[in-house]
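The following exercises concern burial, contacts and surface patches. Please study the sequence and the model before attempting each task.

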Amino acid sequence: MTTDKLDFTAVPVVTRRGQEHGDTGQSGGAVRVSGVSPQHTPATRIWFGRVSNEPGYRSLPHHHGEAETGGYVLTGTARIYFGESYEQYLDMAEGDFVFVPPYMPHVEANMSTTEELVWLTCRTPDNIVVNLPEVEDSTLAGYRRA
């Protein structure tokens, strides 16, 4: 193994609880904060953060541009609506992972009216959020607000 590309001057950067970067792309009831991002760490090709939805809240319809997105349901019950008119959906619970392809319009919903939904989310290259026109709650199968 060669060491010609290793950087022995680099150091890890910790973002402490309560010091997450909150000036991120948002979409309605999905609140995003980053722990690792180009906005407040030396990262250049990754966004890693927490997305939360209060009970009965959902995001606006949106997509993440060129970004590939990986999500992990830390707590709660989630549903992602997608497809034409958002008629398709996938349900997820604590411990489930999801991959969302680039440019895929979707809505992220907390299906519980009593418990918070918390995701850990990772995107490359950054937290791109492109909000799309709103849809009525009644068009989202099974969704109800708190």
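Buried means under 20% relative accessible area, exposed over 50%, and partly exposed in between (1.4 Å probe, protein chains only). The model is predicted: local features need pLDDT of at least 70, side-chain atom pairs count only at pLDDT 80 or more, and totals for chains, interfaces and linings use all residues. Residues are numbered from 1 along each chain as its sequence is written, and side-chain values use heavy atoms, with hydrogens and water left out.

**Exercise 1.** Determine whether Ser 34 is buried or exposed, and describe its surroundings.

*Solution.*
Step 1. Ser 34 counts as buried because its relative accessibility is 0%.
Step 2. Strand β1, residues 31–36, contains Ser 34; strands are DSSP runs (E, at least two residues), numbered from the N terminus.
Step 3. Beyond its neighbours within four places in sequence, Ser 34 is in contact with residues including Glu 20, Thr 24 and Trp 47, where contact means heavy atoms within 4.5 Å.

**Exercise 2.** Classify Ile 46 and Ser 85 by accessibility.

*Solution.*
Step 1. Ile 46 lies in the loop between β1 and β2 (47–53). Its relative accessibility is 32%, so Ile 46 is partly exposed.
Step 2. Ser 85 belongs to the loop between β5 (77–82) and β6 (88–93). Its relative accessible area is 55%, and therefore Ser 85 is exposed.

**Exercise 3.** How far apart are Ser 85 and Trp 47 in sequence and in space?

*Solution.*
The separation is 38 residues in sequence and 28 Å in space, from C-alpha to C-alpha.

Key
Helix = DSSP H or I, 4+ residues; strand = E, 2+ residues; numbered from the N terminus.
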